[in-house]
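Q: Could you take me through one part of this fold up close? I'd like to know how the helices there sit against each other and what sits between them.

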Amino acid sequence: MLDLSNPFVMREDLYACDGTLILRQGEILSNQVIEEIQKSGRMRKREASPLKTSEVFDDYRAVMEEENYNVIFAGDAVKEEVLDIVSEISLTREIYQELELFKVMDHYTYRHILITSLLATLLVKDFFPDRQQVILAGSSALTHDFGKSRIPIEILQSARKLNYEEFLYILEHPWISFLLLAYYTGEAESLHPMVAFNHHEKIDGSGYPRGIKVEDPIIRLVTICDMFDALISPRTYRVDPFNVRGALDFLYEEATFGRLDMTFVKLLISHNRQSKTPIDSLIISQDNTGYRPPTEKNNYSCHEDYEEPDWEDGSTSTV
Ligand SMILES: [Fe+2]
Ligand SMILES: [Fe+2]
């Protein structure tokens, strides 16, 4: 049973890419509703095909070459090791269709989910000896933002500050991602839907959408990979991103506040240094010499870094 004490009401009808209506506008999410979604998901026969023969695999290879990642993915050996693992991912037709939708409609999110998946694979393999678990983690990171494709594109790619109604679409994308994946997998509490649901939650309960304390190590790790890429990538509403060092400083700070898993933040830092030192012996300076965009220095900054709505006067847009 999932903790749904923070009730969620559907803003719009939600359709799967096979045309099935998953939930109607106005419906309130409950465990019973989720059970029905799982059931209807299980009734559809879905065969998985290997990612290696899809164009997603070529795109994986391409995003690895980005400048920001030339230390983390330095050298052919590291690249090939990670590509070898993700080549074993198998996906169903619906998942490929969702990925194609991003590729056509929202290339930013497409490259973001690919690189988050590669990064998660790289980090998870250091901690989990079971190869199947590493493959599963990489695969679940690939689908973590699926709900974003249901956000109107003019909101998702808006360069101005969003009004509160628009902001809610962003805030609710983990719910939508979760529902889509509960339907596609037929198992709401399996890793893909749960990573999607909880990737903006924090270990101290300060995240969203439910404010739960995340304990699952793979979700904690995907969250860090997700944030890292979000911070260093230019967006329509933030043309001036963090540099790699600035993003790592920020994540380290978040971990010292108890919001992120310190071990996994250190693991990311050690990969960015190509360090062979054990994580526990890693020396991390707190001189904050990395670059952070000035307006975001004191803000929580992930890819949903909109300001809180002004509850006092109910004002919405400040364009
Ligand atoms: Fe997200
Ligand atoms: Fe993301």
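A: Let's start with α5 and α11, which lie oblique to each other in this predicted model: their axes cross at roughly 130°, and oblique is the label because that angle falls neither over 145 nor in the 65 to 115 range. Helix α5 covers residues 107–127 and helix α11 covers residues 217–232, and the two axes come within 9 Å. The crossing of this pair is right-handed. On the α5 side, the contact is made by H112, I115, T116, L119, A120, L123 and V124, and these meet I218, L221, V222, C225, D226, F228 and D229 of α11. Sorted by class, that contact has 10 nonpolar, 2 polar and 2 charged residues.

Both helices also help to cover α13: its buried residues have α5, α11 and α12 among their cover. Those buried residues are F264, V265, K266, L267 and L268. As for α13 itself, its 12 residues (262–273) should span 16 Å at 1.5 Å a residue, and the end C-alpha atoms are 16 Å apart, so the two agree. Just past the helix, Q274 has a positive phi of about 55°.

Now for α12 and α13. Their axes are 9 Å apart and the packing angle is about 160°, so this pair is roughly antiparallel. The crossing here is left-handed. From α12, the residues V244, L248, L251, Y252 and A255 meet M262, V265, L268, I269 and N272 in α13. By class, this contact has 9 nonpolar residues, 1 polar and no charged. V265 and L268 turn up in this contact and are also on the list of buried α13 residues.

Note on methods:
Residues numbered from 1 in each chain as written. Chains lettered and ligands numbered in written order. Predicted model: local features only at pLDDT ≥ 70, side-chain atom pairs only at ≥ 80, totals over all residues. Axes fitted to C-alpha atoms, helices over the stretch in contact; angles between N-to-C directions. Helix = DSSP H or I, 4+ residues; strand = E, 2+ residues; numbered from the N terminus. Parallel < 35°, antiparallel > 145°, perpendicular 65-115°, else oblique. Left-handed = near helix turned anticlockwise from the far one by under 90°. Contact = placed C-beta atoms within 7 Å. Nonpolar A, V, L, I, M, F, W, Y, C, P; charged D, E, K, R; others polar. Expected span 1.5 Å × (residues − 1). Buried ≥ 20, exposed ≤ 12 C-beta atoms within 10 Å, placed from the backbone.
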